[in-house]
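User: I've got a model open on my screen and I'd like to learn how to read it. Can you walk me through it, one feature at a time?

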Amino acid sequence: MKSVLRLIALAVPAAFALCAGAQSAPSSPYPEIRACPGAFPTDLNNTANCQYHLKQRTLDFVSGSVTDQPILSAVVFGLGAQIIDSPGEWKRTWYGYGMRVGSRYTQAVGKGAATYLVGWMLQDDPRFLAYRDDPRVLERRQAAFKALETKGSSGGTSTASSVNALQHDGWQRFGHAWFDVITVRHSQKYGKGVRIPAFSRFAGELGGAYAGYPWYPGAENTPKNVGLRASGAFGTAVLSSFYTEYKPEITNLLGALLRRGSQPKPTAGVKP
Amino acid sequence: MLTGCYVPLKSYRLVPPQCTSEPCLKNPSALVVPTPDPDAAKEFEPVEDSINKARDCVKPDEPICLSFVEVDDMGELWDKAQLDTTLSLIRRANDAAGNDPAKAPIVIVFIHGWKNNAAWGNDNVRGFKSSLQIVYRRNQGTRPVRGIYIGWRGDLIPASIPVARQFSLYNREATAIRIPGATLSSALTQIALRTHENKDALAIFVGHSFGALLLERTLSEMTASQLSVENIAQQEADTATSAGASEDAAAQQLMAKRATASRADLNIFVNSAASATEAKQMLNFLTSSEARYTPFRNPGDKVSADDDRPLYVAVTSTADAATKLALPIGHYLPDVGFKQKGSFRNVSTEKGNEYGLACYDPHPDPHHWTLTSKAEGAQDQSSYYLSSAGHMAVLQSHQMLKAINDKQMKVASTGEVMNVSPQAIAECRKDLFDSSLHIISTFRLYDTHQCFAIQERPKRCNGTPYWLMEIDPDVVPDHSTIFTGRFISFMIDSFFTQPNGRMMNRASPQLTLSAK
């Protein structure tokens, strides 16, 4: 039964996967491009085997959906809901706050469990990867620098296409961040698994939303409200993907606020 | 019940792991690291090994070995036998090398940081093993490599409790400050001395994150005193020689040699989580003594600007959120406390209370100057406490340039774009760059072959052998991802290699200090 389920589950994404296509390896002596989802290109701990193992999947489930992270999240967002009085059926009492926290925690566990189960069945790798670290982008950049090297050593000039391949296109990055939210990779030893729709993520959002059923008052359990809860939860996946993509810029931006010790002025200093 | 929430305080390398296939490992503190595939195309393909395949490092001519020295939360050794085994491994490698410089061992000490330890399967242990394989291969497989992993309890809360784990930052920082002491400094001194029993052997110390803090606190005091002894003994030897007192001269020279041998040839801090207050004292010392380090030149040779090399290198990623954001935020409250108690000095030119920043650069004239106001770049002591040295532009000695197209390069730390010769980018060769740019070295990113260069920072205040720079996220993307082919090849190309492309040697390991 388990095998049949797995086969069915894999057959659907296989159709989508045809569009993604496998990536070709560049020719020697340039090294083969390998980048694991969730890892950095040439990461020595992942290049030999970057499969998303059951142990890692379980750890991600436990840390993200069972232990202190979802508890803290439920406490904080439950407080926010208490302040804006949502849903109105729960009074602003300790009981109401408990319901808000409990429902959120249950939804987190439900979301994690559904993601875990569907992801395990499909053997997907849901870890995000920045555009600049995507194997296809790396291959294009490698080809561009290869062209520059060849032209350089023969005294020629580079082609416009090779130069363009070196730029980090703003829109491509933006699109890649979205694409990474709605698709995942099939877990492979060398991280080159085909892209499939993010069924595990979708199942997680729905599973989480429906896990709130026993908690919420009847009026809150309409398909529309459940859908709203699911899409709200999907926002965290979008934020994670965008954070992965724009981490250097975000760090620089926030770092600029805290930066100390600016560059000395060119004319600065008391000379002896 | 709460103790179940902590990673236990224990040694990971004293008891052999359970063995299911013969021959079983007897001493998990000294292992053989598998020799890498000689195929150059597989340079960064780590050779995986497992507990069952682990072998004891017993043969003196074993190409790569890894030993462990573990300390507890208070900085004491778990078992002195680990250090003895390590010293014995180095001695046997030296003995096997004989007088052949091509076989002189390379000894690399690594101190891990936060959220790591010496456990089997720990990412840092695996990454360090792979890095040793790369160093071995880069030396054409001739020089034996001995790795020494200094383990401490960097991981206090398990990964399954992620929020509480983040809050262990303060506790682990306090531990990293507490550990440096007689135990670790004597261990590092013995490792350096034992390595330098072979005059061509190299000792390189590396620390990451809180490991860099730990290493810097251990080294600063002892290196400063070693350098002072080395310098004064050398001066005395010169005086004795000119006075014809050959016995005195020989004794002083021996003392200078001992002092030189008792420190590492290169100290590297990666994404150091130490406040800049740690680096500042060493920078003050090196600045006031006009230190220069030219290990590739023989004594008496004419020295040019190109010959200056670092004794300390601190590289920090511009995308390292832990040191760029968490460190200043984490230090904010203690900073307020220090300020309330009047512990910090402010920039001042007031007589008797002067506080500025002394600068030194051996290349432009004049070599010395002082920044006396904030407008000029001088900082209050509080600012040094609230930042890591690598992120302070005023302390940075170098900057990393990245080719962004066929004729432009971007400065990693400032984002400034500069035009350079297309030929220089295409061939990625230092000599093709305009000499006014003061390019120190170039390297290609291992996988994409993107060209990068290290440049002396224009108008820098720090021209000492303590190099500080921010590096691009394409080389190190964040705080923890350091065991990558990209970063290891950058370190080897930029700091382990001579300008002629050969591995660095110890022609003249003395640091030259001013005779003043």
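User: Let's start with the strands. Which residue stands opposite Val184(A)?

Analyst: The general idea is that strands of a sheet pair through backbone hydrogen bonds, either parallel or antiparallel. In this predicted model, the residue opposite Val184(A) is Ile196(A), in β3(A). Val184(A) belongs to strand β2 of chain A, residues 183-186. β2(A) pairs with β3(A) in the antiparallel sense, over three bridges.

User: In what order do the three strands of that sheet run?

Analyst: The order is β1-β2-β3 in chain A, and the sheet is open with antiparallel pairing. At the edges you'll find β1 (124-125) and β3 (195-197) of chain A, each paired on one side only.

User: And what does the rest of chain A look like, in helices and strands?

Analyst: Chain A has nine helices and three strands. Follow the sequence and the pattern reads α-α-α-α-β-α-α-α-β-β-α-α. Of its 272 residues, 40% are buried. Take the contacts with a separation of 6 or more: 75% of them in chain A link residues 24 or more positions apart.

User: Before we move to chain B, how far should I trust the coordinates?

Analyst: Where pLDDT is low, the predicted coordinates should not be read in detail. Chain B averages a pLDDT of 90, with 97% of its residues scoring at least 70. For the complex, the predictor gives an ipTM of 0.85 and a pTM of 0.91.

User: How does the radius of gyration of chain B agree with that of a compact globule?

Analyst: The idea is to set the value against what a compact globule with that number of residues would have. For 516 residues that is near 24 Å, and chain B agrees, with 23 Å. Its C-alpha trace spans about 70 × 60 × 55 Å along the principal axes. Inside are 13 helices and 17 strands, and 52% of the residues of chain B count as buried. As for contacts with a separation of 6 or more, residues 24 or more positions apart account for 73% in chain B.

User: Where are the domains of chain B, and how do they touch?

Analyst: Domain 1 covers 2-264 and domain 2 covers 326-512. Their centres, taken over C-alpha atoms, are 26 Å apart. Domain 1 brings 20 residues to the contact and domain 2 brings 16 residues. On the domain 1 side, the elements giving two or more residues are α2 (123-138), α4 (169-178), β5 (202-208) and α6 of chain B. α2(B) gives the most to that side, with seven residues.

User: Which residues have the most contacts inside the largest nonpolar core?

Analyst: In soluble globular proteins, nonpolar side chains tend to be buried together. Here the largest nonpolar core has 135 residues, and Val107(B), Ile108(B) and Val109(B) have the most contacts inside it. Helix α6 of chain B, residues 210-242, supplies the largest share of this core, seven residues. Both domain 1 and domain 2 of chain B give residues to this core, so it lies between them. Apart from it lies another core, of eleven residues, including Cys50(A), Leu129(A), Ala130(A) and Val137(A).

User: Back to Val109(B) for a moment: which residues does Val109(B) touch?

Analyst: Leaving out residues up to four places away in sequence, Val109(B) touches Ile148(B), Ile150(B), Leu188(B), Ile191(B), Phe205(B) and Val206(B).

Notes. Residues are numbered from 1 along each chain as its sequence is written. Chains are lettered from A and ligands numbered from 1 in the order in which they are written. This is a predicted model: local features need pLDDT of at least 70, side-chain atom pairs count only at pLDDT 80 or more; totals for chains, interfaces and linings use all residues. pLDDT is the predictor's confidence in each residue, from 0 to 100. Two strands pair if DSSP finds at least two bridges between them. Helices (H or I, at least four residues) and strands (E, at least two) are DSSP runs, numbered from the N terminus. The radius of gyration is taken over C-alpha atoms; the globule rule is 2.2 Å times the number of residues to the power 0.38. A residue is buried if 20 or more other C-beta atoms lie within 10 Å of its own, exposed if 12 or fewer, and partly exposed in between; C-beta atoms are placed from the backbone. Two residues are in contact if their C-beta atoms, placed from the backbone, lie within 7 Å. A nonpolar core is a set of buried Ala, Val, Leu, Ile, Met, Phe, Trp, Tyr and Cys residues joined through C-beta atoms within 7 Å. Domain bounds come from an automatic or database domain assignment.
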